[in-house]
Amino acid sequence: MGALARNLKNAAIAFLVSLPSILFYISFLKHVHDHTIPNDDISLSLSPLWNWCYNHPLLLANVLFFFNVNVLFWVISHILSSHWMIDLYWTVIPVMLAHYYSTHPLAQYSWWRSRITILLTWLWSLRLTHNYFRREKWQWGAREDWRFTDMRFQYGKHWWWVSFFAVYVAQQVFLIGICLPLYVIHSVDGPLNIWDFVAIVVCLSGIIVAFFADTQLHEFVTRNEKLKEVGKPVVANLDRGLWQFSRHPNYFGEQLWWWGLVIFAWNLGHGWTFFGSLVNTMCLAYVTKLVEDRMLKQAYRAEAYRLYQKTTSVWIPWFKSSAIAVKDKNT
């Protein structure tokens, strides 16, 4: 199969794979609309299935995720021999959840807070989706995450079932967890106050920081590819722009975004939603270690990266450790 045909096939799969959940939810909304009787308890006129969906919006989101993502994505990914779809849908699922929570019949919320957070979620999604396709050279499903490839070799013949839990069930915990603030925002009505504006600033700051960090990383990788093509030595390490003050400014921006959403929920009296972002932060800390270990295994950049680790903050942007930097410069 040619590259163009494979790209079109993967694009079609990506667009169609979420249809089961979308069509089921539309059918649910139609049944609720058709059985709505003014001044009457709607749950009495719905079938047991639709009644359960009506009364359990958060559980319904989890059920749809389990069958559509965990099961269907898992089966398709084994047919394709690649788990690339979950990376792409990481950028889409939060938007889908935001619209799901806002349109559920039990939703109640501040119109302005809802529209602001949905707009912010779209901005975050567009930024991350653009970065995904730019990194993959505008190809659909060009490759799976290198961590999944490493686990594929690590687990060997057991990968077929381990991947269900390691790739998909784990993503449900992360995605449903970090999107809990979106559920709260559409479950509690309250006027906007100063903390909403703090949350907006934190969320926007995260999106902007991540955008510039990823753009600088993309330009660095592109320059190195061009140097390699003409036989010139590549630059070992990116330590300019935001990367001068943080080894992972893109991760820092991503964390700002999710913790900004937590501020929205905390302001509405549901600070417990921090748990999802906390788990995500802990996971990203582990991913940071994996990335840095991988960098140190590359002989041409190992020495430069060790110095980079000594002089530069891991996540939170900060000034370089000047004493070590001056010592190395003199050496």
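This passage describes the annotated membrane segments, a nonpolar surface patch and a pocket of a predicted model. Local features require pLDDT of at least 70, side-chain atom pairs count only at pLDDT 80 or more, and totals for chains, interfaces and linings use all residues. Residues are numbered from 1 along each chain as its sequence is written, and side-chain values use heavy atoms, with hydrogens and water left out.

An unreviewed UniProt entry annotates residues 12–29, 58–77, 159–185, 192–213 and 256–287 as "transmembrane region"; such annotations may be inferred rather than shown by experiment. Residues 58–77 are 100% helix and 0% strand, with end C-alpha atoms 26 Å apart. For residues 159–185, helix accounts for 96% and strand for 0%, and the end C-alpha atoms are 38 Å apart. Helices are DSSP runs (H or I, at least four residues) and strands likewise (E, at least two), numbered from the N terminus.

A nonpolar surface patch comprises Trp111, Trp112, Leu192, Ile194, Trp195, Phe197 and Trp266, which together have about 830 Å² of accessible area. Patch residues have over 30% relative accessible area and no salt bridge (a side-chain nitrogen of Lys or Arg within 4 Å of a carboxyl oxygen of Asp or Glu), and nonpolar side chains (Val, Leu, Ile, Met, Phe, Trp, Tyr) are joined within 5 Å. Areas were computed by the Shrake-Rupley method with a 1.4 Å probe, only the protein chains shown counting as cover for residues. Helices H7 (111–135) and H11 (194–229) each supply at least two patch residues, and H11 provides the largest share, three residues. Trp111, located in H7, is classed as partly exposed because its relative accessibility is 48%, between the limits for buried (under 20%) and exposed (over 50%).

Notes: Patch = residues over 30% accessible without salt bridge, like charges linked within 9 Å, V, L, I, M, F, W, Y side chains within 5 Å. Buried < 20%, exposed > 50% of the residue type's maximum accessible area, 1.4 Å probe, protein only.
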